Amino acid sequence: MATGPSSSVLLSGGTIIAFNEDAESLEVIRNGALLVTGDRIAGIYDTAHPNNLPADTEIVDCTNQIISPGFIDTHRHGWETALKTLSPNTTLPDYLARYIMGAPSIFTAEDIYIAQLAGLLEALNAGVTTSLDHSSHCWSKDRANAGLQGSIDSGARVYWSPAFHNTKEYPLSQQIADIKEVAKAKPTSNDLTTIGVAYDWWSIAPPEDNQAIIALIKELNIPVSTTHYLGGPWMANNSPEVLKPLGVLDTDMAVVFSHAMGITPIGASILRSTNQFISITPESEMHYGHGHPNAHLIQDQAALGVDTFLTFSTDLITQARIWLQRTRSRLYDKVLERWQIPANNPMSVNQAFLMATRQGALALRRPDLGVIRVGAKADLVVFNGRSPGMLGWRDPVAAVILHTNVGDIEHVLVDGKFKKRDGKLTFDGYDAVVDRFLASAERIQKAMVDRPDPVFEGRHWGLCEYGHAEVVNACHGSSTGYGKQFLRKD
């Protein structure tokens, strides 16, 4: 497990990206200090060396460093870590056929556990302190339990949300019974991992299945639920309009709609009136061809997520950077289409930063996360301001959103405890985790590579027809340069 600090830690001399609750805006404190006592931020100072500190306070020199709140990933599939680099050129139908439909016959409970653990440690290394995990690995009781245990053992803050799907092999009634058993047995001493609910069948399941999920949510007092909602030509139509009449939005439970690219004006109005959020996963949505017709219009009720990091990195800063430039480009294009020159920038780095931090916390209804203020949870990230890519920064928010990378992260704290220190994870036995994971990944990847490619003809799940995107040419000559994947090791 991760190592623990003294009861109080002072991060001294850094530039702090704090949050002013009254103004609802970021504040920057230069050459200041931040006191952590237990699991909370106990003090924020405009001097590097404040007086009257607790007697046992450990001083951590943060001179020339940037102190940020931890980043919050509101949509991820942690169990997919072992599939990394298998599908760099995939589409969503291909991903669904290969992995969502094909994985249950390959993954064991050990595979799920070690992939979930390794993936969350990867996230911690990248400054992601809180994750909403849409745990679509719950194909049996042992594999569901393995994902939960991997989340607990990681030391990250995780909303582990088992995905319920009524199947012949694992009926919904048994899934619900098993999760009730797990919830009762889960140690109350560990409050970093919280059980949520993931359910993607609101719009097409029999009413009795939906009611069974609602009953489970009420019985276990589930704090967070999540669902995939795409809209447009895609099938996943778990929209706010569908969930509103079921009574699950007007409660204390947070409901996060993943993607929601095709959200309607009525759906947006429902989100605002019920204070529910969407999770935008920009790199995933661009990679798979989801499209972004409307998500930029509801950013006041939106946070960011990573999604299927088997196809890209797990750091949320990259997602914030991509979404910032994607939104800017889209809104600039509207001006250019009128043959006008853009006279202003439509989205700021501050807004992107908030979407990666505070907005994620609000999506989970956790105002004590994603901000630096007295009384908030001590989930923190410290960046090295003297790294080669950071030299010369003046605006710390711009530095984080536009110039940092994972290698710039010196320290990560969750609940006041160091999970990464001096550039290295503090997880005890990490080398053993790496060995276990690589052995599991080798077996899984070989099995996946040996399978024939899926074929797509006619219509996607009987609905919209498949279409073909124009393939670009990156070479001068007879070859386009598209090439093949390099997956064979023999």
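# Exercises on a predicted model

Asn210 belongs to helix H5, which covers residues 207–220. The exercises below concern a predicted model.

## Exercise 1: the setting of Asn210

Determine whether Asn210 is buried or exposed, and identify which residues it touches beyond its sequence neighbours.

*Solution.* Step one takes the relative accessibility of Asn210, which is 5%. Buried means under 20% relative accessible area. Asn210 therefore counts as buried. Step two lists the contacts: leaving out residues up to four places away in sequence, Asn210 touches Tyr199, Trp201, Trp202, Ala205 and Leu246. Step three considers one of these partners, Leu246. Asn210 and Leu246 are 36 residues apart along the chain, and their C-alpha atoms are separated by 8.6 Å.

## Exercise 2: the setting of Ser258

Establish in which strand Ser258 lies, and what its relative accessibility implies.

*Solution.* Ser258 is placed in strand E12, residues 254–259. Its relative accessibility is 0%, so Ser258 counts as buried. Setting aside neighbours within four places in sequence, the contacts of Ser258 are His75, Thr226, Thr227, His228, Tyr229 and Ser279. As for Pro342, 84 residues from Ser258 along the chain, the separation of the two C-alpha atoms is 31 Å.

## Exercise 3: the length and enclosure of helix H3

Test whether the span of H3 agrees with 1.5 Å a residue, and explain why H3 is described as largely enclosed.

*Solution.* First, H3 comprises 14 residues, 141–154. The expected span is 1.5 Å times one less than the number of residues, and for H3 this gives 20 Å. The end C-alpha atoms of H3 are 20 Å apart, which agrees. Next, ten of the 14 residues are buried, so H3 is largely enclosed by the rest of the structure. The buried residues are Arg143, Ala144, Ala146, Gly147, Leu148, Gly150, Ser151, Ile152, Asp153 and Ser154. They pack against helices H2 (109–125) and H4 (172–185), and against strands E8 (157–164) and E9 (193–195). Finally, the residue that follows H3 is Gly155, with a positive phi near 80 degrees.

## Exercise 4: positive phi outside glycine

For Asn52 and Trp339, state the phi angle, the loop and the exposure.

*Solution.* Asn52 is not a glycine, yet its phi is positive, about 60 degrees. The loop that holds Asn52 runs between strand E3 (40–45) and strand E4 (58–61). With a relative accessible area of 80%, Asn52 is exposed.

Trp339 is likewise not a glycine and has a positive phi of about 60 degrees. Its loop connects helix H9 (316–337) and helix H10 (349–356). The relative accessible area of Trp339 is 82%, so Trp339 is exposed.

## Exercise 5: the chain as a whole

Assess how the radius of gyration of the protein chain relates to the globule rule, and describe the charges of its side chains.

*Solution.* The chain contains 13 helices and 18 strands. Its radius of gyration is 23 Å, close to the 23 Å that the globule rule gives for 490 residues, so the chain is as compact as a globular protein of that length. Along the principal axes, the C-alpha atoms fill a box of roughly 70 × 65 × 55 Å. Of the 490 residues, 53% are buried. Among contacts between residues at least 6 apart in sequence, 74% join residues at least 24 apart. The accessible surface comes to about 21,300 Å², with 53% belonging to carbon and sulfur atoms. Lastly, there are 41 positive and 53 negative side chains, and the centres of the two sets lie 1 Å apart.

How values were computed: Residues numbered from 1 in each chain as written. Heavy atoms only, no water. Helix = DSSP H or I, 4+ residues; strand = E, 2+ residues; numbered from the N terminus. Buried < 20%, exposed > 50% of the residue type's maximum accessible area, 1.4 Å probe, protein only. Contact = heavy atoms within 4.5 Å. Rg over C-alpha atoms; globule rule 2.2 N^0.38 Å. Areas by Shrake-Rupley, 256 points an atom, 1.4 Å probe, with all protein chains shown as cover. Lys, Arg positive; Asp, Glu negative; His and termini not counted. Charge placed at Lys NZ, Arg CZ, Asp CG, Glu CD.
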